[in-house]
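Biologist: Can we go through this one term by term? I'd like to hear the reasoning behind each label.

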Amino acid sequence: MHPEILAQEGYTSASVVESPVRELFPGIRLRPLWKGESGAHADVLEMDAGTSWPRRDVHEPGPEEVYVVAGTFNDGARDYPAGTFLHAPAGSWHVPASTTGCTLFLFYPEG
């Protein structure tokens, strides 16, 4: 074992079940996992079955990286099953929805 790994500056971990939950819209919850000094952040988004974003989700100021952990995610154009990675460049948009419910890992490298 190498316990010195955990002593490295900035080295951190987070548990999804211990992260605070914020309901963004009915049936859509955000769990923040990490936030860097530059504004970059990582979150888990949980969408109940039959939920959808009430408007366009515009990616500003930077891109959004999405990994579908469980369930099926729909971006307003097509379905993406668990195991799918999506890159949405800065300025792009989608309308998140899920008929089955889904869990997403989100990363915003530029905040």
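Modeller: Sure, strands first: helices (H or I, at least four residues) and strands (E, at least two) are DSSP runs, numbered from the N terminus. H59 sits in the loop between β5 (57-58) and β6. Bear in mind that this is a predicted model, where local features need pLDDT of at least 70, side-chain atom pairs count only at pLDDT 80 or more, and totals for chains, interfaces and linings use all residues. Residues are numbered from 1 along each chain as its sequence is written, and side-chain values use heavy atoms, with hydrogens and water left out.

Biologist: Why is H59 called buried?

Modeller: Buried means under 20% relative accessible area, exposed means over 50%, and partly exposed is in between (1.4 Å probe, protein chains only). H59 has a relative accessible area of 4%, so buried is the label.

Biologist: What makes the link between the side chains of H59 and E64 a polar contact?

Modeller: A polar contact is a pair of N or O atoms within 3.5 Å; within protein, one must be able to donate a hydrogen and the other to accept it, and residues adjacent in sequence count only if both atoms are side-chain atoms. The H59 and E64 side chains come in at 2.9 Å. The side chain of H59 also makes a polar contact with that of H94, at 3.4 Å, and H94 makes one with the side chain of E64, also listed at 3.4 Å.

Biologist: And where is H94, and why is H94 called buried?

Modeller: H94 lies in strand β9 (residues 93-94). Its relative accessibility is 9%, so H94 counts as buried. Contact means heavy atoms within 4.5 Å, and not counting residues up to four places away in sequence, H94 touches several residues, including R55, D57 and F73.

Biologist: What makes R29 and E46 a salt bridge?

Modeller: The rule asks for a side-chain nitrogen of Lys or Arg within 4 Å of a carboxyl oxygen of Asp or Glu. In R29 and E46 the closest N and O atoms are 3.1 Å apart, which fits. R29 lies in strand β2 and E46 in strand β3, so the pair ties together parts that are 17 residues apart in sequence.

Biologist: How many salt bridges does that rule give?

Modeller: Three. Another is D48 with R29, at 2.9 Å between the closest N and O atoms. D48 is in the loop between β3 and β4 (51-52) and R29 in strand β2, so this pair ties together parts 19 residues apart in sequence. Then E46 and R31 meet through their side chains at 2.8 Å, N to O. Put together, R29, R31, E46 and D48 are linked in a network of salt bridges.

Biologist: Which of those residues are buried, and which are partly exposed?

Modeller: E46 and R31 are both buried. R29, at 21%, is partly exposed, and D48, at 32%, counts as partly exposed too.

Biologist: How do you know that β1 and β2 pair?

Modeller: Two strands pair if DSSP finds at least two bridges between them. Strand β1 (residues 22-25) and strand β2 (residues 28-35) have three bridges, in the antiparallel sense. One bridge partner of E23 in β2 is R29. The hairpin has two residues between the strands, and there G27 takes a positive phi near 80°.
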